[in-house]
Amino acid sequence: MRPPKKRCCRIHYKDNFHIDVPCYHLDPTRDHRSLATLDGWEKSDPKALYVWFRDSFEEADRAKVRRQIKYLKAWAALKWKTDAGRPSSVLLTVLGAEAAKRVPLSQPDDDLLISILNDIHRRMVANPVISNPTNKTENLNRLEHAQNLEFVDRLSKFKDVADRAREAAEESTAAVVWAEAFEHFFPMPELGESSISLQAMNKSGALVPITLPDIHVTAVNKENPHLRYAGTNCIGPIPRNCTLTFTIPEAWRLPHGATVEWVVRNGEGEAEAENDLGHSSGIGTTKTETSAYNGTHFMDVIFRVSGDIIGARRVTVTVRDVPIRKRNPPQPQYVRLRGRR
């Protein structure tokens, strides 16, 4: 049992997904709202903040600013695995909106996000006190000193990711860089050897042109180990409940010091219904996963040298329900009795 939240009710879902639901009392005569907390009623007016945001931007710009705030909240949810030290949703909303009022909104989303990150970083370094725009006496930043320093440090790393993504020569390279901030939630274009850029190859230090090694995939059914499947750079259709092993037989093709990152990206359907869109699977030349959901899924394999991306592969995994015959199915009673004469 987890402790109750001070200012909301938290509804927990599988894999740590949750929704916070605050409880308010409305006095319709005075149009006055109070928030229920563990310590009693607290003056709080979400409508005032909504009106402030609405009136801060023209209608055509609101959707763009909302997207930027969603990017900030998604990043925070991924980089802080617990509530401890994570900037609150309302803090990120105000920081993002007030930054958006100081930068050109005509920029593309990626450039706009970089401008907003730079503004927020400068502001947090100068003064961690962030006043509620509808109640100047309230400081929306409830982070402690050490948590503020951590917030600023992670903002700096987020800025670095955004800058490197903007400078990337190719779409696929930029997408892999953005995934450092947004992990498996960032949509990835089709990957393959063509995703290697000349710039990336030059950075790798390789003396000869780089050829990405193939990814060998095997699948062994857990209910019947005699059911085995194999493929190169793709596999399937295979049944659910298989142990999948991804290996790089020719890792020697990679430049000296190269690292290999693995990212699982689950397709829509069963995985989406279970709120399991994927995860980072770590670093190494071999990885093991399980086929848990029907559909088309991907294992993205990212190759780096000294942190620079030199290429990526996408391994397609197709999972489809098929009847599985158990290895040693139980025999009828009359067959078991034959040997007892």
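Residues with under 20% relative accessible area are taken as buried, and Gly85, at 9% relative accessibility, therefore counts as buried in this predicted model. Gly85 is placed in the loop between helix 2 and helix 3, and, leaving aside its neighbours within four places in sequence, it is in contact with Trp80, Leu143 and Gln147. Although Gly85 and Glu144 are 59 residues apart along the chain, their C-alpha atoms are separated by 7.8 Å.

For the protein chain as a whole, the secondary structure comes to nine helices and 16 strands, and buried residues make up 40% of its 341 residues. Of the contacts in the protein chain with a separation of 6 or more, 59% are accounted for by residues 24 or more positions apart.

Helix 6, which covers residues 171-182, has 12 residues and reaches 16 Å from its first C-alpha to its last, a span close to the 16 Å expected at 1.5 Å a residue. Of these 12 residues, 10 are buried, so helix 6 is largely enclosed by the rest of the structure. The buried residues of helix 6 are Ser172, Thr173, Ala174, Ala175, Val176, Val177, Trp178, Ala179, Ala181 and Phe182. Both helices and strands contribute to their cover, which includes helix 2 (59-79), helix 4 (109-126) and helix 5 (145-167), together with strand 12 (258-265), strand 15 (295-305) and strand 16 (308-319). Just after helix 6, Glu183 takes a positive phi of about 50°.

Two packed helices are described by the angle between their axes and the distance between the axes. Helix 2 and helix 6 pack at an angle of about 65°, and their axes are 8 Å apart, which means that helix 2 is roughly perpendicular to helix 6. On the side of helix 2, the residues that meet helix 6 are Tyr71, Ala74, Trp75, Leu78 and Lys79, and their partners in helix 6 are Glu180, Ala181 and Phe182.

Helix 4, which is among the elements that cover the buried residues of helix 6, has 18 residues and reaches 26 Å from its first C-alpha to its last, close to the 26 Å expected at 1.5 Å a residue. The buried residues of helix 4 are Asp111, Leu112, Leu113, Ile114, Ser115, Ile116, Leu117, Asp119, Ile120, His121 and Met124. What covers these buried residues includes helix 6, as well as helix 2, helix 3 (89-100) and helix 5.

Aromatic side chains were examined next. A search of the whole structure finds 11 aromatic pairs. In one of them, the rings of Trp75 and Trp80 have their centres 5.3 Å apart and their planes at 90°, so this pair is edge-to-face. Trp75 and Trp80 are both buried, and they belong to one aromatic cluster that is formed by Tyr71, Trp75, Trp80, Phe151, Phe158, Trp178, Phe182 and Phe186. Tyr71 and Trp75 of this cluster are also among the helix 2 residues that meet helix 6, while Trp178 and Phe182 are among the buried residues of helix 6. The charged end of Arg154 sits over the ring of Trp80, at 4.5 Å from its centre, and elsewhere Arg314 lies over the face of Phe298, 4.6 Å from the ring centre.

Several features of the backbone were found in and around strand 10. Most residues other than glycine have a negative phi, and most peptide bonds are trans. Asn233, in the loop between strand 9 (228-232) and strand 10, has a positive phi near 65°. Gly236 and Pro237 are joined by a cis peptide bond with an omega of about 5°, and Pro237 lies in strand 10, which spans residues 234-238. In the loop between strand 10 and strand 11 (242-247), Asn241 likewise has a positive phi near 65°, and this residue is partly exposed, with a relative accessible area of 29%.

A further approach between residues distant in sequence involves Thr211, which is placed in the loop between helix 7 (198-204) and strand 8 (216-221). Thr211 counts as partly exposed, at 35% relative accessibility, and its C-alpha is 7.7 Å from that of Leu254, with 43 residues separating the two in sequence.

Definitions and conventions. Residues numbered from 1 in each chain as written. Predicted model: local features only at pLDDT ≥ 70, side-chain atom pairs only at ≥ 80, totals over all residues. Heavy atoms only, no water. Phe/Tyr/Trp six-rings, centres within 6.5 Å; stacked < 30°, edge-to-face > 60°. Buried < 20%, exposed > 50% of the residue type's maximum accessible area, 1.4 Å probe, protein only. Lys NZ or Arg CZ within 6 Å of the ring centre and 35° of its normal. Helix = DSSP H or I, 4+ residues; strand = E, 2+ residues; numbered from the N terminus. Expected span 1.5 Å × (residues − 1). Contact = heavy atoms within 4.5 Å. Axes fitted to C-alpha atoms, helices over the stretch in contact; angles between N-to-C directions. Parallel < 35°, antiparallel > 145°, perpendicular 65-115°, else oblique.
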